[in-house]
Amino acid sequence: MPQRFLVRATAILLGILIGFPLSSMAQDLSARDILEKMEDNQRAQSNSALTRMQLSTCKYGVRESRITCAERPRVKSLESVGKGYGVDLKDTKSVIVTLEPASERGIGMLSFAYDDPSRDNESWLYLSALGRVKRIASGSDDDETEPGSLFGSEFTTEDQETGKLDEYELNILESTSLDGREVWKIEQIPNEDRALKSRYARTVAYIDMERFVVLRMEMYDQYDREVKRMLGSRVELMNGIWVTRSLTMMNLVTNRLSNMAFLEMHTGIEVPDEFLTQRTLTDAAFRETELEKLRAQIQ
Amino acid sequence: MRFSANIVASLGLQLLFTAFSSQAQQVNDPQVLDDNLDFEPDFGFEEDLFATAFDEESSTTDSWLDDFTIRISQQFFGQVNNHSIEPIPGILFPREAEMENNRLGINIRYQNAFAPGWLLQASGQARYYWKDDYEYEANSDSIDAEYRVNEFFLQRSYGQESLKFGRQTVVWGETVGNSVLDVINHFEFRDLTIIDIEDARLNQWMVVWDHFGEGSNWSSFVNLYPEFNPAAVRGSPFFFEPAFNLTDYDRDSELLFEAGTQWRKSFELSDISFMAAYLYENQLRYEDPISGIGDAIAKGNDFLLLGFSANRAIGRLLLNFDLAFSHNVLADSFNFPGTALASPLDLRKDQIGTSFGFEYALDNEQSVSLGIQAQKLLDENEGLLPGQQLFNEGVFGSWLVRYSNTLLNSDLVLSSTLQGDLKGDSFLALLGIDYTINDNWSVSGQVISITSNRESPLVFFDADVRLGATISYSF
C-alpha cells in the first residue's frame, strides 16, 4: 500500500468513528441541518478516543436470497488513539497500530491532521524493516486525487469523509421507514468541482430519525447505476451517543464486501500529549505502558 | 546444476495470470440486489454477517503465541540468459543459465512488553538450502542449513529516557536505499536477490540511549564489538577466488569500539538532525601478507563522522537530504574482494558525501522516488607519488529510481527499480510483482537485468537476466 495513502486512510479512520452517530433529536430539519449536526458530533467526539476495530473483506455471493461470504474473509485489526487540538479542537493528532494480519503486525503511524485546508497534514510511519521513523508526504485532505481504498477494503476515503457540504446539492427525498425504523432519505449530488474528485454521481443516505445514525447508503455512478451499498447495524448507545458499531460496504461491481466492526470505542479519556509523538512509534516499551494506562482509565 | 528455467518462467506466468485474471473481474456491470436480501445467518444474526467479530471481543484472551510473528518462504532464483562476458579484451567467459537460489526460509519475530516500561524483542532466521542452491553446492552437494539471530535486545523506558541493550540497528540517513549516513551497521549483500540496503543491514551488539525531550530528541549509542561486512560466501554470485584467503579482523587484545550521538528536531513539514560519531568502516581493507604467502591482512579503517540530515514535505512531494563529512578515512578502502588487493595506498584523507532525492505520490496508488549518492575525497592528489592512483577518483556514487503501483485494493503491487553508478558504467533494472493471496499467503516475482562495461566490477554480471519467485506463508 503506498505510504501516502496509508497516511490519509489513518486520518480518515479517526473520522469514521464519529462520522455516523448523531445524538440530538431534531424535527423539521433541512438536509443540510442534519448533515451539519453530524459534523458537530464529530468534533465533540473526536477528542481523546481509544478505538479497536476490525476490517473484514471477502468476495460475496447471493444464495437463496441471502448474502454470504464466498471465501474466507481477509481480516485487518487496528488500534488507534486520537486527540483534538487547536481552535475548537478541529485539528487532530492520532496514532494507529496494526495488530493483524501477522505480516503487517507492529506497523505504526502518527498523523497530524489540520483543519485549515492551507496546511498540509503531517505523518510519520514506522516500519521495523526500515529501522526508523520515516516522514510521509501526505498533502492535504482536499487535494485533487481520486479516493482510494481504505486499508485494502471496499471502503474508500470518500465513503467516510464528512464536511464539504457546500460542494453538494442536498435534498431530502422522502420520509419513510427501513427495517421498522423511521428514516429520512437524503440525497447528495456533488457540484462540478467535487464531481472531479468523486467516484459517485450521487449518494442516498437513510438516516434514523430518532437515533440519528445512517442505516443505509446507496452510491450511484454517472449512469445512475447503484455501484455500492452500505448497511449499518448494531446501533448502540455508547458514552451517551448512538453509534453504528458495524458497517458493511458492498461493492456491487466487484462483488466484494467489507465490514468495519468497532470492537472497542472509548471517548473522553485522558490522552497525554507525549503519547502522540514519534516516540510512540519507535519505543514499544513506552507505547505498551501508555496504552495500558489508557485502558486502565476505561476500566 | 543446469538451471531449469522453465520452472521459474512458469511460476512467473502463473503469478501474472492470477493477478490479471482477478483484475479482469472488476469490469463487470453492477449486480442488482434485491432489497429483501438478508445476510447469511450462518455467519451471525440476520443483519450482521460479521457478528462473530463482536463475539471474539468478549472472549479475547492473551496467548503467549500472540507475541510471535512467523514467516515461512520458499524461494527460487536464477540466471536465465546463456551468454558470455568479456571482462578483459579478448578473454571470454561463458555465463550459463543456472539456478542460484532454491531455499526455504523461516523468519521468527518476538516482541513482548512483559512489564510496565520493559520490552524484550528478538528476531531470527533459519535457511535450508536445497539442491541447485549455491550454498548446497558449496556444502559438497548436500543440503545445508543456516541459523542467525538478527535482533535480540532488552528495552527499559522510563520518564523521558529509553535504554536498549543488545543486538539492534541504528539508522541515521533520510534517503531511503543509499544514504551516506546509513553506515553504522554492517551489511551483507550475499546475492542479487538483495537489492535494498535495508534488507542487507546486519544488527550489532550495542547500547542505545534515547532521550525524548520537549521539542527535540537525542539518540546515542556505544558499540564495544564493531563487526565488519562478511566476505562473500563461497559459491555465491559475488564470490570469486581471491589470491589470498580473506579472514576476519584480528582483534587480539585490542578493544575496538564505536560511539555516536544524534540530535533530532521536528518542525511543521520538516525534520532535521545533526550527528557525530567515531566509527569503523564496515568494509575491511585487505592488504597482501607481508611474506607474500598466507592470509591477507585485514586492516580496520576508523574515522570520525559528522553528519546532517533534513527532509521537507511539500504537498505530495518529500525532499530528502543527507550530508556526511568523514575525517581521516583510508582513501583506498576495500571495495570488492580482490580488486584492491594488488597495491592499495595507505593514505588517510577527508571525504565529503551527500545523498539526496525525493519521493512523490502521483496519486493514492502510484509513487515515484529518486535517490542520488555522491562522494568525493578532499585533496585527493595530496600525498600521491608519481604514477600512483586512487581507486576512487573524482566524484563517485550511485543513483536509484523507483516506481510502484498498487492495484486490487493493495493486493497487487507492481514495482520497478533502476539503479546505476554516477559514471554510467553499470546499470541494473528490476521489475517486481507482489501479490497477497490472503492474510497468510503471498507470492512475489522478480526480473533483474544487469548491464555493465569493464570499468565496473559488475562486468562479471553483464547481460545477466535473473528471474525469481517466492511464496510465503505468515502467521
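Q: A residue is exposed if 12 or fewer other C-beta atoms, placed from the backbone, lie within 10 Å of its own, buried if 20 or more, and partly exposed in between. Is A:Asp224 buried or exposed?
A: This is a predicted model: local features need pLDDT (the predictor's confidence in each residue, from 0 to 100) of at least 70, side-chain atom pairs count only at pLDDT 80 or more, and totals for chains, interfaces and linings use all residues. Residues are numbered from 1 along each chain as its sequence is written, and chains are lettered from A and ligands numbered from 1 in the order in which they are written. A:Asp224 has 8 other C-beta atoms within 10 Å, so A:Asp224 is exposed.

Q: Where in chain A does A:Asp224 lie?
A: Phi of A:Asp224 is near 60 degrees, a positive value in a residue other than glycine. Strands are DSSP runs of E, at least two residues long, and helices are runs of H or I, at least four, numbered from the N terminus. A:Asp224 sits in the loop between β11 (214-220) and β12 (226-238).

Q: What is phi of A:Asn255?
A: A:Asn255 belongs to the loop between β13 (241-251) and β14 (256-267) of chain A. With 18 other C-beta atoms within 10 Å, A:Asn255 is partly exposed. A:Asn255 is a residue other than glycine, yet phi is positive, near 60 degrees.

Q: Which residues does the cis peptide bond join?
A: The loop between β4 (91-100) and β5 (108-113) of chain A holds A:Pro101. Omega of the cis bond is about 5 degrees, and the bond joins A:Glu100 and A:Pro101.

Q: What distance separates the C-alpha atoms of A:Trp242 and A:Phe212?
A: A:Trp242 is part of strand β13 of chain A. A:Trp242 has 18 other C-beta atoms within 10 Å, so A:Trp242 is partly exposed. A:Phe212 is 30 residues away along the chain, but the C-alpha atoms are separated by 7.4 Å.

Q: Which residues have the most contacts inside the largest nonpolar core?
A: A nonpolar core is a set of buried Ala, Val, Leu, Ile, Met, Phe, Trp, Tyr and Cys residues joined through C-beta atoms within 7 Å. The largest one has 56 residues, and those with the most contacts inside it are A:Ile207 and A:Val214.

Q: Which strand of chain A gives the largest share of this core?
A: The core in question has 56 residues. Six of them come from residues 49-63, the strand with the largest share: β1.

Q: Which residues is A:Ile207 in contact with, leaving aside its neighbours within four places in sequence?
A: Contact means that the C-beta atoms of two residues, placed from the backbone, lie within 7 Å. By that test the partners are A:Ile34, A:Val183, A:Trp184, A:Ile186, A:Phe212 and A:Val214.

Q: How many residues are in the second, separate core?
A: Its members include B:Leu181, B:Ile184, B:Met206 and B:Phe303. The count for this core is 15.

Q: What share of the residues of chain B is buried?
A: Chain B has four helices and 23 strands, whereas chain A has six helices and 14 strands. Buried residues make up 51% of the 299 in chain A. For the 475 residues of chain B, the share is 31%.

Q: Over which residues of chain B, with 42 contacts beyond four places in sequence, does pLDDT stay under 50?
A: Chain B averages a pLDDT of 84, and 85% of its residues score at least 70. Where pLDDT is low, the predicted coordinates should not be read in detail. The stretch with the 42 contacts is 1-27.
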